[in-house]
Amino acid sequence: QVQLVESGGGLVQPGGSLRLSCAAVGYTLDFYVIAWFRRAPGKEHEGLSCIVNSSGTTYYADSVKGRFTISRDNAKKSVYLQMDSLVPEDTAVYSCAAAYLFNLKNPLEVVCHDANTFDYWGQGTQVTVST
């Protein structure tokens, strides 16, 4: 079973940057799609970005395109989310999630917005953007 551990959250001022990490414990992510979701208080999970680990193919939601960058380091079994130009509306709990690539039935731009697609989740890390 895939276990995911996020790190890198914290408090940052508007306009600042943070880099989130998602590390797989005891398992490789070679044939998985890794997604970053966030959940603000009182709201549903919002899909932000996905990466297909085997090919490096990426997808970004419109809300973060041009500000967030997803990347992976397969040797370290890790996926990262570089977040720049942060605004208060980015405040949320950020979670990474994994889905087995060959179980997916929809294109990435659909999968990345559907939290139910993902079987494995990290514990989440709080990101707060505030003065």
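Start by selecting E6 in this predicted model and showing what surrounds it. Skipping its neighbours within four places in sequence, E6 touches S21, C22, W36, Y94, S95, C96, G122, Q123, G124 and T125. The residue itself sits in strand β1, which covers residues 3-7.

Now, which side chain of opposite charge is nearest to E6? Pick R39: that is the one, and it is 12 Å away. A salt bridge here needs a Lys or Arg side-chain nitrogen within 4 Å of a carboxyl oxygen, and E6, although buried, has none.

What does the side chain of E6 reach instead? Keep E6 on screen and add the backbone of Q123 and G124. The backbone nitrogen of Q123 is 2.9 Å from a polar atom of the E6 side chain. The backbone nitrogen of G124 is reached too, at 2.8 Å. Both Q123 and G124 were already in the contact list above.

Next stop: the salt bridges. Side chains of opposite charge can pair when their charged atoms come close. This model has 4 salt bridges in total.

Select D90 and R38 and draw the N to O distance: the two side chains form a salt bridge at 2.8 Å. Zoom out a little to see where they come from. D90 is in the loop between β8 (78-83) and β9 (92-100), while R38 is in strand β4 (residues 32-39), so the pair links parts of the chain 52 residues apart. Are these two buried or exposed? Put a surface on and check: D90 and R38 are both buried.

Leave D90 selected and add R67. Here the closest N and O atoms are 2.7 Å apart, giving D90 a salt bridge with R67 as well. This one also links distant parts of the chain, with R67 in the loop between β6 (58-60) and β7 (68-73), 23 residues from D90. D90 has a relative accessible area of just 1%. R67 comes in at 17%, and it still counts as buried because the cut-off is under 20%.

Add E46 and you have the whole group: R38, E46, R67 and D90 are joined into one network by salt bridges that share partners.

For the last stop, select K65 and D62. Their side chains meet in a salt bridge too, at 3.3 Å from N to O. Both K65 and D62 are exposed, whereas D90 and R38 are buried.

Note on methods
Residues numbered from 1 in each chain as written. Predicted model: local features only at pLDDT ≥ 70, side-chain atom pairs only at ≥ 80, totals over all residues. Heavy atoms only, no water. Helix = DSSP H or I, 4+ residues; strand = E, 2+ residues; numbered from the N terminus. Buried < 20%, exposed > 50% of the residue type's maximum accessible area, 1.4 Å probe, protein only. Lys, Arg positive; Asp, Glu negative; His and termini not counted. Polar contact = N/O pair within 3.5 Å; in protein donor to acceptor, adjacent residues only side chain to side chain. Contact = heavy atoms within 4.5 Å.
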